[in-house]
Amino acid sequence: MDDIDEAVYLATINEDLVDYGHVPDNVDDAGGANAAAFLGLGNVTVAVAAPVPPDNFDEILDDKHVRIAAVCKFCRHRLSAKSAAGTGYLLRHQNAYKKKADHAKMVQTRLAMNPDGSYRNWEYKPDVARVELCKLIARLDLPLSVADNDAWDDCIQRAHNPRHVRVSRFSTSRDLEKLFIDTINNLKHIVFPGVNSICLTSDIWSGNAKEDYITVVAHFINSDWQLKKHVIGFRLIEEVHTGTNIDERISDVVEAFGMTDKIFVVSLDNASSNNNAMQILAPIFSGYLGVDTDPDNPSKKTYYVVHQRCACHVINLIVKSGLKRLKPYIEIFRTAISYLNASNKRIAEFKDYCLLKGVRPRKFGLDMDVRWNSTYLMLKHLIPYKNVFSVFINGNIGYAALNVEHWYVAEKVCEFLELFYESTVALSGVYHPTSPLVLHHIIEIATHFHECRGDSKLETVIGPMRMKFEKYWKKIPMLYSFAFILNPRAKLRGLHMALDLLAKSTS
């Protein structure tokens, strides 16, 4: 009997929790969330994570032999270790310290330091310095002559390296060309051969010289499971933007890099010429997903390649359809800003007036017709200055060009468009997956329409925007659904909940 009582007495709290079907204290029970939490609809269902290895921390016990703290063996930092706190933060601390240690080792290597802290002789390599100069010029868009002057020589020789040798802009031009060729060869022969599938994005860009360029960007996951992107094409389009011309540029770039059989998804905007281009590109890029032949009609073939329309461009079309109804109000603000910026004297007088009223002065820029978010930012920057701006503009013009109604509409529009701006920023990321987030933002936009439909001031704006929304997203693209399911916080049950919520918002 004494042995039994002793065995029961020696049982730990964690063992008792396991016997009763609960999560033990030495397991991180705060690391996951289910689909309801992801959508903001319910409680969080936890996902059990691996316990922190005890060898990396020293336990501190109180007088009753209860663990109250843990000391990291690496940095000797004291952390709370109460049973109710879980242990996930201990694992995060351990990983964070490991990253800092790895970074310190990398810095030591660059500073020519030995592991014991002593210094070794550092050798200056002019060829390495010239390559790094080219990378600096490319990243910051600097002129080629940035290092071909006395000021640069004085800065580098006095503060960094007295053995620095000047590089002329002609040598820098040749070095840049060599760096470009080496980078292209590295992508062709080392990077892309080790990649199984590649996603392409492409768009047409217009420069100040009235010349149009098409860019082709490759997105892929490398062997270290890191999301990477490379601009592999920047071609001039001198002809009309037809589907044939777009197809020729994209296919030439892909064939030059040997990626024809690795294309999985092609993301373009919603222009009709892009749809025509995809009809031509589908047979060329069907090597990855394959081709289906109709048994009844062998000449009829279905080429599989995912053509995904840009979600941010769809949001752009949705918002622009509503802003057309507010053009008279927006034009008033554009005219007022143009009037202010047309004279340096007016800008100086407005600055003095702001200082007189105790407001920090600033300059205002005009928006662009093709970018709705610039219109949103223009109004957002103006609203905090509505009092001083209205008084100054009306006083200089001689009549009430800006009144209370104009500012009321501007505030209403900014408040309504804030969600669309946040969605555009969130879906514009390039170094993290955004496809799992699209359905989430679609639901937010649909709910936003549903909540604002009773507002009489926004009725003329919401109507066309909702029609445009249903035109593109009434049927959810399959890719967004699959990406949502693969999100560990959503999964299949989360998709059902999301579709139910979307149905209620669009009914």
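Trainee: How many cavities of 30 Å³ or more does the count come to?

Mentor: This is a predicted model, and the cavities are searched for in its protein atoms alone. The largest cavity has a volume of about 40 Å³, and the count of cavities of 30 Å³ or more comes to two.

Trainee: Which elements each supply at least two residues of the lining of the largest cavity?

Mentor: The lining of the largest cavity is made up of L326, Y329, I330, F333, L379, V409, A410 and V413. At least two residues of that lining are supplied by each of two helices, namely α11 (327-341) and α15 (404-427).

Trainee: Turning to the pockets, which element gives the largest share of the lining of the second largest pocket?

Mentor: The second largest pocket has a volume of about 770 Å³, and its lining consists of 20 residues, with A138, F180, T183, H230 and V231 lying nearest its centre. Two or more residues of this lining come from each of α5, α7 and β6. The largest share, eight residues, is given by β6.

Trainee: What span does helix α7 reach from its first C-alpha to its last?

Mentor: Helix α7 covers residues 169-191, which is 23 residues, and at 1.5 Å a residue a span of 33 Å is expected. The model comes close to that expectation, for the helix reaches 31 Å.

Trainee: What covers the buried residues of α7?

Mentor: The buried residues in α7 are S171, T172, D175, I184 and L187. Their cover includes two elements that also give residues to the lining of the second largest pocket, and these are α5 (126-140) and β6 (227-237).

Trainee: Which kind of aromatic pair do F192 and F257 form?

Mentor: A search of the whole structure finds 21 aromatic pairs, and in the pair of F192 and F257 the ring centres are 5.8 Å apart. The two residues are 65 residues apart, with F192 in the loop between α7 and β4 (198-206) and F257 in the loop between α8 (243-256) and β7 (263-268). Both F192 and F257 are buried. Because their planes stand at 80° and the cut-off for this class is over 60 degrees, the pair is edge-to-face.

Trainee: Which kind of pair, then, do the rings of W372 and Y376 form?

Mentor: W372 and Y376 are four residues apart in helix α13 (residues 372-382), so they are separated by about one helical turn, and both W372 and Y376 are buried. Their ring centres lie 6.4 Å apart and their planes are at 55°, so the pair is tilted.

Trainee: Over which ring does the charged end of R346 sit?

Mentor: A charge over a ring is found at F257, where the charged end of K188 sits 5.7 Å from the ring centre. For R346, the charged end is 3.9 Å from the centre of the ring it sits over, and that ring belongs to Y339.

Trainee: Leaving aside its neighbours within four places in sequence, which residues is Y353 in contact with?

Mentor: Y353 is found in helix α12 (residues 344-356), and it belongs to one aromatic cluster with F333, F350, F364, Y385, F389, F392 and W407. The C-alpha atoms of Y353 and F389 are separated by 9.4 Å, although the two residues are 36 residues apart along the chain. With neighbours within four places in sequence left aside, the contacts of Y353 are V388, V391 and F392.

Definitions and conventions:
Residues are numbered from 1 along each chain as its sequence is written. This is a predicted model: local features need pLDDT of at least 70, side-chain atom pairs count only at pLDDT 80 or more; totals for chains, interfaces and linings use all residues. Side-chain values use heavy atoms; hydrogens and water are left out. The expected span of a helix is 1.5 Å times one less than its number of residues. Buried means under 20% relative accessible area, exposed over 50%, partly exposed in between (1.4 Å probe, protein chains only). Contact means heavy atoms within 4.5 Å. Rings of Phe, Tyr and Trp (its six-membered ring) pair if their centres lie within 6.5 Å; planes under 30 degrees apart count as stacked, over 60 as edge-to-face and the rest as tilted. A charge sits over a ring if NZ of Lys or CZ of Arg is within 6 Å of the ring centre and within 35 degrees of the ring normal. On a 1 Å grid over the protein atoms alone, a cavity is a set of points where a 1.4 Å probe fits but cannot get out, and a pocket is an open set with protein on both sides within 12 Å along at least five of seven lines; lining residues have an atom within 4 Å of a point. Grid points are joined across faces, edges and corners, and a volume is the space filled by probe spheres set on the points.
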